[in-house]
Amino acid sequence: MDHDPTAAVVVRDLRVRRGGGVVFDGLDLEVARGGVTGLMGPSGCGKTTLMRAIVGTQRVQGGGVTVFGQAAGSAGLRHRVAYDTQAASVYSDLTVEQNLRYFARLVGASRKDVGRVLDQVNLRDRAGQRVDTLSGGQASRVSLAVAILGRPELLVLDEPTVGLDPLLREELWSVFHTLVDEGATLIVSSHVMDEALRCDRLLLLRDGRVMADTTPARLLSETGADDPDRAFLALIEREVG
């Protein structure tokens with residue numbers, strides 16, 4: 001597989017089957033270093049499967065994925081790549097800070113880094129609170145805090161804002177862009193198309209295929225639509241027509 005030194009992720013001829021069905025049949029794409037790449041599309045289009053392939057937890061039938069020039073899931077990527085799943089991946093019977101200290105030891109992060117991520121996700125005042133007493137949005141922020149321990153270079157976030165109220169979504173997107181400013185590359189999936197406008201680049205998926213690899217401004221300009229939902233529908237109509 002060719003390795004583009006400017007790319008964080010390179011996917012070539014990826015073939016994946018799940019539950020007896022074909023998810024990807026020769027998928028090709030690249031994700032540039034830096035910025036927020038939005039992985040957009042309806043539920044069931046392959047977003048989570050692609051993310052699992054990028055972090056090396058998805059069994060594939062052909063092709064491959066490289067991350068920073070190494071095969072996805074390689075030991076050398078262990079501290080360079082972080083994955084935040086849709087469900088909060090923390091221990092509910094521990095406090096916020098206990099969770100962070102535990103995971104910090106696993107990734108070799110310092111206690112000072114625990115304080116940094118608490119501040120970054122605005123949970124300093126909840127540090128001593130058990131996770132099972134937090135709201136859903138707060139628990140999601142704990143998972144994000146765990147993911148950014150040790151300053152990974154690539155963050156893969158699977159629908160991190162799903163079910164959150166507009167204020168919490170705004171706070172999380174502010175955190176995402178701060179991470180980018182600090183040098184990280186983010187891949188953020190969502191089926192809420194208005195979040196496309198918050199991304200630097202867009203990969204629009206449908207039925208396991210990339211419908212568009214573009215930017216928010218170019219998407220609206222090329223479709224003549226005034227919002228991402230209409231733009232996505234316009235792309236589908238072009239394919240059908």
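**Legends to close-up views of a predicted model**

**View A. Helix 2 and helix 4 lie roughly parallel to each other (an angle under 35 degrees; over 145 is roughly antiparallel, 65 to 115 roughly perpendicular, and the rest oblique).** The structure is a predicted model, in which local features need pLDDT of at least 70 and side-chain atom pairs count only at pLDDT 80 or more, whereas totals for chains, interfaces and linings use all residues. Residues are numbered from 1 along each chain as its sequence is written, and side-chain values use heavy atoms, with hydrogens and water left out. The axes of helix 2 and helix 4 (residues 136-147) cross at roughly 25° and come within 10 Å of each other; axes are lines fitted to C-alpha atoms over the stretch in contact, with angles from 0 to 180 degrees between N-to-C directions. The two helices, helix 2 and helix 4, make a right-handed crossing, that is, one with the near helix turned clockwise from the far one by less than a right angle. On the helix 2 side the meeting residues are V96, L100 and F103, and on the helix 4 side they are V142, A145 and V146. Helices are DSSP runs of H or I with at least four residues, and strands are E runs of at least two, numbered from the N terminus.

**View B. Helix 2 (residues 96-107) also packs against helix 3 (residues 111-120), where the two axes come within 9 Å and cross at roughly 130°.** With that angle, helix 2 is oblique to helix 3. The passage of helix 2 across helix 3 is right-handed. From helix 2 the contact (heavy atoms within 4.5 Å) takes in V96, E97, L100, R101 and A104, and from helix 3 it takes in R111, V114, V117 and L118. V96 and L100 are thus among the helix 2 residues that touch helix 3, and they also appear among those that meet helix 4.

**View C. N99 is a residue of helix 2 and is buried, at a relative accessible area of 0%.** Buried denotes under 20% relative accessible area, exposed over 50% and partly exposed in between, with a 1.4 Å probe and protein chains only. When neighbours within four places in sequence are left aside, N99 is in contact with V90, Y91, L94 and V131.

**View D. V23, in strand 2 (residues 21-32), and G46, in the loop between strand 3 (35-40) and helix 1 (47-55), touch each other.** Both residues are buried, V23 with a relative accessible area of 18% and G46 at 8% relative accessibility. Not counting residues up to four places away in sequence, V23 also touches V16, R17, R18, T49, D207 and G208, while G46, with its neighbours within four places set aside, is in contact with F24 and L205 as well as V23. The C-alpha atoms of G46 and V16 are 9.7 Å apart in space, although the two residues are 30 positions apart in sequence. V23 and F176, which are 153 residues apart along the chain, have C-alpha atoms separated by 28 Å.

**View E. R151 and D207 are loop residues, R151 between helix 4 and strand 7 (154-157) and D207 between strand 9 (201-206) and strand 10 (209-214).** Most residues other than glycine have a negative phi. In R151, phi is positive, near 55°, and D207, likewise not a glycine, has a positive phi of about 55°. R151 is partly exposed, at 48% relative accessibility, whereas D207 is exposed, at 56%.

**View F. The cysteines C45 and C199 are shown in a structure that holds 0 disulfides (pairs of cysteine sulfur atoms within 2.5 Å).** The closest cysteine sulfur to that of C45 belongs to C199 and is 14 Å away, which is too far for a bond. C199 is likewise in no disulfide. Each of these cysteines is buried, C45 with a relative accessible area of 4% and C199 with one of 7%.

**View G. The span of residues 9-232 is listed in an unreviewed UniProt entry as "domain: ABC transporter".** The feature name is shortened, the positions follow the numbering used here, and such annotations may be inferred rather than shown by experiment. The C-alpha atoms at the ends of this span lie 24 Å apart, and residues 9-232 are 32% helix and 28% strand.
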